[in-house]
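Subject: Structure handover

Hello,

Here is the structure I promised you. Please open it alongside this note, and then read on for what turned up.

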Amino acid sequence: MSSNNIKEQMDALVTELNQHNYNYYVLAMPSIGDFEFDQKLAQLAKLEKENPNFMAANSPTVHVGGEITKNFETVKHKYPMLSLGNTYNEQDLRDFDERIRKAIGDNFEYVCELKFDGLSISLTYQDGKLVRGVTRGDGKQGDDVTANVKTIRTIPHFIKATDAPAHFEIRGEIFMHKAAFLRLNAQREEIGEIAYANPRNFASGTVKMQDSAEVAKRPLDGFIYFLYTDHHKFKSHWDSLNAVKSWGFHVCEHTKLAKNIEEVYDFIHFWESERHKLSYDIDGIVLKVNSFAQQEELGFTAKSPRWAISYKYKAAEVETILEKVTYQVGRTGAVTPVANLKPVQLAGTTVKRATLHNANEIERLDLHEGDTVFVEKGGEIIPKIIKVNLEKRKPNTLGIIYPTHCPECGTELIRAEGEAVHYCPNDEGCPPQIVGRIQHFISRKAMNIDGLGDETIEAFYRNGLVRHISDLYSIHNQAEALKELDRFGEKSIENMLLGIEKSKEMPFEKVLFGLGIRYVGETVAKKVAFGVKNIENLASATADDLILIDEIGERIAESIVLYFSNSEHLHQIELLKTAGLQFEVIETIISLDSDKLIGKTFVISGVFEKFSRDDLKNLIEANGGKILSGISGKLDYLVAGDNMGPSKLEKATKLKVPIITDEELLSLIKA
Ligand code: AMP
Ligand code: ZN
């Protein structure tokens, strides 16, 4: 290999590994398995050793992960946040117990706790008031996420307790309940955002969000498992847990005192199966020597306390047979392959199906018909095929071939460049898309039409009564046909017609969400509705216009533009308008804070430390300024934050547009 090639290969590895590190530590969304990561890191280290002159300054071999998000203040921990020694087998626990008995004798107890699978947090209280919440970070220092922590209901902002020290620190684990995870992840997928792999990643991604208002919308919970203070009046961990419980902290009720290692084993065995019934994930149990005096005697190693250890459960995994792969077509036309499995018991439930996500996943697994596969519950929730047991593959079996045509309507499937998902483009003629769209429209979060349900819509479709959303608004003309439908009495017809009539009052943002434009979820619909004010503006907006609306990225913008480029969609909207549905937002009168920016135009670009882009936009508009969609010679100011696109910067420089910071914008207003 030429030296040029070696350098290129090294640089590529550096870029790739840094991105994985960022995804893992900052976004808390791992993008590579640990093993593969370590292999690549080792490969890079080897190349660096052989070619030290090509070593990059930002090489991940020098600095492995643990980065502190730059947008939060970094805070040094008063008491370092150590990790725990851990083990997967009972012999190790026995050895641990032996070591302790050698050091302090036989007279001691253990506190057994569940090992919650979330992220650890340190909370500081001063005179009964929560003053700070800090993530573990690298153990010595972490991110100050106080504002976010304060949104968690089970973490008290104030405590009233006569027996609490004036200053103390409390440690615990923040997590998300499984049900909330499923619900929120479904919402993310609906608007085209990447789904989190498990509740832990979701919790950790949430705690590190910049916008605490957004954090508040995501239900997090927390359990407390350590109390730290300089003046401990408690004799044991157990006593301190009981005290903090009485001060109002959330301590897990499944915490137990054990007199010896045998009782610890009982605890472990009990939770081995029972854990699947908990509403949150645990990945093991934690064992702590109870007495503080004995803890002190045992002391610490460089990394962890000698008086505690964790025992981790192995991920639940089971072997079964892939019976066949079926394909589901959703209301947006997205095709999802589903593995139909020979039913098997896994982690307390019967598993019959596993998601295969998309064609890439089938390819990655190299699935063949009738394969024996290993199934795991990812994050203990959604069954997933991890790999094929090749030893059991029967000879001459065929690989699973992704269909080229829609299983429901026969139309050729399309897959957009760079996308993993196949779509059926026949949105006007593909039954599950037609039915799904109307079902979505009437659903609770959209138009919330009383007297109509998913099954009714299906029956209507089967009987040729509806094909489009707009057909609902003329269904009162079909009285005879309605009466002939099974189990559809006069009273229910009346109810339904009333519900449909009432839906004409639903606000524009609900109607917009109800239309079911790809990637336009509930929140996005609201932002878009208020951003454009009415459907005419929306129909004529370009992707560039739409991107200026807070939270609207390129993908959503393009999807909206595509939607309105379809004449059938425009026709449908006309019909709905004629029927009397709301297609503009109810305006509230805006009064300006000042006229300092009247006649001035602005483009906002990049990210800002103190403001969201929406804050700045509101600020400019409240002072009479106007936001433009793109940079041109006529633009008065480009307000630039970090990470602005280089092409924008270049264009502004070329056209001699003044580039200002958010601070400079503030002084323009104050001037
Ligand atoms: P590990 O990450 O495997 O080193 O395990 C240590 C981590 O376990 C701590 O940093 C905590 O975040 C977490 N943990 C979960 N439950 C407990 C618990 N009951 N006691 C102590 N640590 C816990
Ligand atoms: Zn189809």
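How far is a nitrogen atom of ligand 1 from an N or O atom in the side chain of lysine 288? The distance is 2.9 Å. Bear in mind that this is a predicted model, so there is no experiment behind that value. The protein covers 87% of the 500 Å² of accessible area that ligand 1 has on its own.

**Ligand site**

Two further polar contacts are worth a look. Arginine 136 places a polar side-chain atom 3.0 Å from an oxygen atom of ligand 1. Phenylalanine 116 takes part through its backbone instead: an N or O atom there lies 3.1 Å from a nitrogen atom of the ligand.

The shell around ligand 1 has 14 residues. Those that come nearest are Glu113, Arg136, Glu173, Tyr225 and Lys288. By class, the shell holds six charged, five nonpolar and three polar residues.

Where do these residues sit? Strand E3 (110–116) and strand E10 (282–289) each give at least two of them. E3 makes the largest contribution, with four residues.

**Cavities**

The structure has three cavities of 30 Å³ or more. The largest has a volume of about 50 Å³. Its lining consists of Ile121, Thr154, Ile155, Gly172, Glu173, Ile174, Gly222, Phe223, Ile224 and His250. Five of these count as nonpolar, four as polar and one as charged.

Which strands each supply at least two residues of this lining? They are strand E7 (167–175) and strand E8 (221–228). Note Glu173 here. This residue lines the largest cavity, and it is also listed among those nearest to ligand 1.

**Domains**

The domain assignment divides the protein as follows:

- Domain 1 covers 3–55.
- Domain 2 covers 74–312.
- Domain 3 covers 317–392.
- Domain 4 covers 431–505.
- Domain 5 covers 508–579.
- Domain 6 covers 601–670.

How far apart are the centres of domain 4 and domain 6? Taken over C-alpha atoms, they are 48 Å apart.

If you view one thing, start at ligand 1 with Lys288, Arg136 and Phe116. Then turn to the largest cavity and find Glu173 in its lining.

Best wishes

Methods. Residues numbered from 1 in each chain as written. Chains lettered and ligands numbered in written order. Predicted model: local features only at pLDDT ≥ 70, side-chain atom pairs only at ≥ 80, totals over all residues. Heavy atoms only, no water. Near = heavy atom within 4 Å. Polar contact = N/O pair within 3.5 Å; in protein donor to acceptor, adjacent residues only side chain to side chain. Areas by Shrake-Rupley, 256 points an atom, 1.4 Å probe, with all protein chains shown as cover. Nonpolar A, V, L, I, M, F, W, Y, C, P; charged D, E, K, R; others polar. 1 Å grid on protein atoms, 1.4 Å probe; cavity = no way out; pocket = protein on both sides within 12 Å on 5 of 7 lines; lining within 4 Å. Points joined across faces, edges and corners; volume = space filled by probe spheres on them. Domains from an automatic or database assignment.
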